Amino acid sequence: MADDQGKFRKVIYPDRGIVYDRHRKAILQNMTIYDLMILPNKLKGIDTAALCRVLEIDTEQFLKRVVDVIVKNGRSRPSVFEALLSDEKMAMINEAMYKFVPGFYMQERPVRSYPVDAGGNILGYLSEVDSNFLRQHSNEGYQIGDYAGKTGLERTYEKVLMGKRGIEFWKRDNKNRLTERLDNGRLDTAAIAGSNMHLALDIELQELGEKLMENKLGAIVAVDPKTGGVLAMISSPTFKPKLLAGSTRKKHIAELLLNPALPLYNRTVSAIYSPGSTFKTLQALIALHEGVIETTTRFSCTGAFYGCGSQRPMQCLDKGVFDLRSAITVSDNTYFANVMQRVINNPKYPSVDSSLAAWNQYMYSFGLGHKLGVDVAGEAAGNIPTPIQYNKIYGAGHWNFCTFRSVSIGQGEVNVTPLQVANEMAFIANKGWFKTPHMVDSIEGGDQFSLLTKFNVQHNTSNISDSVFEVVHEAMQGVVDRGTGLGAKVEGIDICGKTGTVENYIGAVKQPNHTFFCGFAPRKNPTIAIMCVVENSGKFGGTFAAPIVGLMIEKYLKDSITNPGRLDQIEKLSTLNLLPARINKEIRRQDSMRRISESSNLISKLSFEKMNDTNLLDEGYERNVVDKFKKESDLNKGRSSKKDSYPFSFKKYIEAVLPDEKRKSVVSVALKN
């Protein structure tokens, strides 16, 4: 007892590793903040009332916190009583600390700071570990009071960034004040800082992308086709990363979770879309390699594709006769319906099952239908339809090309993530190979956990000849020079691109089209492969997505944009509000409810007081979002008219990215993944 009274064991938390962008600009650093720690078995005699006044809590809340830490960590171990104190609270506690010892002490802790307020969906955030985390990571040295990365790169590279804790032993006097190091510090162990990391990310390109996507739903992903390094990864709407650091983190998480546009949902890797006409470039590669068409093969379009009979023709917008190059340039639907029909009915395969299976393998080798393995959590696999899937839906022998003809133009059962589309462009740019997309290029001191090894592997996925790729490159350059992607054109740069316009539904109700543009540049020796999707923007892929991609390419390849007309275009696109009407309506409804709630303090008492944010943003956090909206729905019943009182539906929102209302709920798919 005397030994315990006279000594104090102080944990020294190391600085986490600093994160730099590709130009060695720090984008994730450290600052020092303090937690108020409690030793429950030493509470006798402290001035509880004074502490409650400083922390702005009542006696009942104080006692509940004490019970909670005892249940979690026992009476004799130190636990966090209040995390990440504000400067004001820290000053008041320091001034009156003599009233609170030995039951409380201040624990210095490094937390994150953000020199550049961008990349919230990429970087992630830290949070105090809880009992669930400790069970899942029982052999990794964590203890109550520690902080760990919960999302983004903070989570993926936790082992690299966390460093190793140190210990200091101090002497106490008879008033529990720390006096000097025990045994002159010979028993201490030094803290070891985490390793610094260097990203492929171009933070200025990231900032431009976030600006261009303001007031829009969607995503931009850009990669270096030679290395697979991710140059920019924009999920819109995004959030400022500093909101999830410091003492107001829980408040901001609550606000972000209830935002109907779902800023915490990383669309770049988690959202799935039908790729639309961007898919036609891959269809061309397969058909040419399989020999079912040549570059000079022509098909005519009189207004629709009638290859499956005249009762349900598939419309096309361009009438005329097209070869492969012109069909890609003007994005003719009838041409590619004929192309895939030939692929599926190819006589070299004994059945439609085997020909579809061969087609499926091509797509899989292109990086579709499976997770790529990017170092950002929450990646979805997308879907490339297989014979097994169709046999399950329609029954063996009861389906053929006409059953899934919409797949030929990137609709129907095929769906992809934005990351997969950008990687697809890297594959085409490299004429048949890609490296797994990744954020981290190198780790100072070496890759001791072998986290980067897989990113150095070159995936040579097919033996399609360079001449076939050249034909596709030429057609894709035509898209930008004189076709549907003219809006992406940049003076002095040869850009190869492809537009896409995607139908989608909520239930059986058609929504405004999603619009795509993807491509790479320059055509010779490409250094950037990029895609953009703007959800429910209507119009066509060349209207909004193409100009956004053009500006991103110009910024990356020319380092800056100085032309006044181009700068004006940036401002016009950034202020253009393309949020769907249903999102704007829900935002207005929530703003109204928030004003009512704030007046009676309902938000803090009814919604967020007991919120445990540890599990909210890990993979599958959608379940928590759905639960929150259900609770909100119950809370709001009877407060307004029946027509306006329904809560925003996460399930219906996510279904908006799907073109086929028959497909199972993506909520369940997301949770499964």
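Which helix holds the place of Phe-336? I looked it up and found helix H14, residues 333-344. Helices here are DSSP runs (H or I, at least four residues), numbered from the N terminus.

A note on the source: this is a predicted model, where local features need pLDDT of at least 70, side-chain atom pairs count only at pLDDT 80 or more, and totals for chains, interfaces and linings use all residues. Residues are numbered from 1 along each chain as its sequence is written, and side-chain values use heavy atoms, without hydrogens and water.

**Entry: Phe-336.** I checked whether Phe-336 is buried or exposed. Phe-336 is buried, because its relative accessibility is 0%. Buried means under 20% relative accessible area, exposed over 50%, partly exposed in between (1.4 Å probe, protein chains only). I then listed contacts, meaning heavy atoms within 4.5 Å. Not counting residues up to four places away in sequence, Phe-336 touches seven-letter-coded partners including Lys-280, Leu-324 and Ser-408. Ile-409 sits 73 residues away along the chain, yet its C-alpha atom is 6.6 Å from that of Phe-336.*Correction to my note:* strike "seven-letter-coded", a slip of mine; Phe-336 simply touches partners including Lys-280, Leu-324 and Ser-408.

**Entry: Ser-270.** I found Ser-270 in helix H11, residues 267-270. Ser-270 is buried, because its relative accessible area is 17%. Leaving out residues up to four places away in sequence, I saw Ser-270 touch Tyr-265, Gly-378 and Ala-380.

**Entry: cores.** A nonpolar core is a set of buried Ala, Val, Leu, Ile, Met, Phe, Trp, Tyr and Cys residues joined through side-chain atoms within 4.5 Å. The largest has 100 residues, and Trp-359 and Ile-428 touch the most other members. Helix H17, residues 418-429, gives the most to this core, with 8 residues.

Technical notes
Helices (H or I, at least four residues) and strands (E, at least two) are DSSP runs, numbered from the N terminus.
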